[in-house]
Amino acid sequence: MALTLLDPKTALVVIDLQNGIVAMPTAEPTAPIVQRAAALAEAFRRHRRPVVLVNVAGGAPGRAEQARRLGDIPAGWTDLVPELNRQPSDHIVTKHSWGAFTATDLHDYLKAQGVTQLVIAGVSTSIGVETTARQAYELGFNVTLAVDAMTDLRPEAHANSLARIFPRLGETGTTAQIIALLDGGAAS
């Protein structure tokens, strides 16, 4: 489904754009991903819409064949990248699992703000972004995915989320299209 509109109460949720994650090798270079996410954050702030910045500081405790344990996290690993220009009005969520809604205050915060739609960006497409989008969809939020403001550790996982999963969870669009809608224009 092509990007059609943004609800009057739309929030931006940026997933895991933090020092430790953006330093990992990804399918697409992270610098342009960070730049586009920062542009989205500035546009949302300019329009006085909620900005949620999410970082990850651990992993779920369950057993898995490909479990990835963070162990001792180096100093600064969880710090959000400075390009996001964190503001006092931004809501910060620290998660310990893939999805930003699990065991956090995100749902309560969004409901208190009257939010009905989320624009989601970040890393990694098939894990943090996709899980958060699935949770948002299941919780009844309209979901928009900023496809040029996300990447993954694996190109095939990124491509799968974009082609097969995201169209079932919401609408997809580029950073420019989303900002155009925020500014009152068309998504073209």
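This passage describes the sheet, the helices that pack against it and a few backbone details in a predicted model.

The sheet is a good place to start. Strands of a sheet pair through backbone hydrogen bonds, in either a parallel or an antiparallel manner. Here the pairing is parallel, and six strands make up an open sheet whose order reads β3-β2-β1-β4-β5-β6. Its edges are formed by β3 (91-95) and β6 (171-173), each of which pairs on one side only. Averaged over the sheet and ignoring direction, neighbouring strands are turned by 25 degrees against each other. Within this arrangement, β4 (residues 117-123) and β5 (residues 142-151) run parallel and are joined by six bridges. One position to look at in this pair is valine 119, which stands opposite threonine 144 in β5.

Two helices can be followed from here. Helix α5 (residues 155-169) packs on the sheet, where it touches β5 and β6, and its direction makes about 165 degrees with that of β5. Helix α6 (residues 175-182) lies across β4, β5 and β6 and runs at about 135 degrees to β5.

Helix α5 rewards a closer look. Its 15 residues reach 20 Å from the first C-alpha to the last, close to the 21 Å expected at 1.5 Å a residue. The helix nevertheless contains a kink of about 40 degrees, centred on serine 161. Serine 161 is also one of the buried residues of α5, together with Ala157, His158, Ile165, Phe166 and Leu169. The cover over these buried residues includes α4 (125-138), β5 and β6.

The contact between α4 and α5 can be described in similar detail. Two packed helices are characterised by the angle between their axes and by the distance between those axes. For α4 and α5, the angle is about 5 degrees and the axes are 10 Å apart. An angle under 35 degrees counts as roughly parallel, so α4 and α5 are roughly parallel to each other. On the α4 side, the residues involved are Thr125, Ser126, Val129, Glu130, Ala133, Arg134 and Tyr137. They meet Ala157, His158, Ser161, Ile165, Phe166, Arg168 and Leu169 in α5.

Tyrosine 137, a residue of helix α4, has further neighbours. Leaving aside residues up to four places away in sequence, tyrosine 137 touches Val143, Arg168 and Leu169. Its C-alpha is 9.4 Å from that of glutamine 117, although the two residues are 20 apart in sequence. Tyrosine 137 counts as partly exposed because its relative accessibility is 46%, which falls between the limits of 20% for buried and 50% for exposed.

Some backbone details remain. Most residues other than glycine have a negative phi, and most peptide bonds are trans. Against this background, the peptide bond from valine 123 to serine 124 is cis, with omega near -5 degrees. Serine 124 is found in the loop between β4 and α4.

Positive phi values occur at arginine 48, where phi is near 55 degrees, and at alanine 103, where phi is likewise near 55 degrees. Arginine 48 belongs to the loop between α2 (30-46) and β2 (51-56). Alanine 103 sits in the loop between β3 and α3 (106-112). With 75% relative accessibility, arginine 48 counts as exposed. Alanine 103 counts as exposed too, at 82% relative accessibility.

Key. Residues numbered from 1 in each chain as written. Predicted model: local features only at pLDDT ≥ 70, side-chain atom pairs only at ≥ 80, totals over all residues. Heavy atoms only, no water. Pairing = 2+ DSSP bridges. Helix = DSSP H or I, 4+ residues; strand = E, 2+ residues; numbered from the N terminus. Axes fitted to C-alpha atoms, helices over the stretch in contact; angles between N-to-C directions. Contact = heavy atoms within 4.5 Å. Expected span 1.5 Å × (residues − 1). Bend = angle between axes of the 7 residues up to and from the residue. Buried < 20%, exposed > 50% of the residue type's maximum accessible area, 1.4 Å probe, protein only. Parallel < 35°, antiparallel > 145°, perpendicular 65-115°, else oblique.
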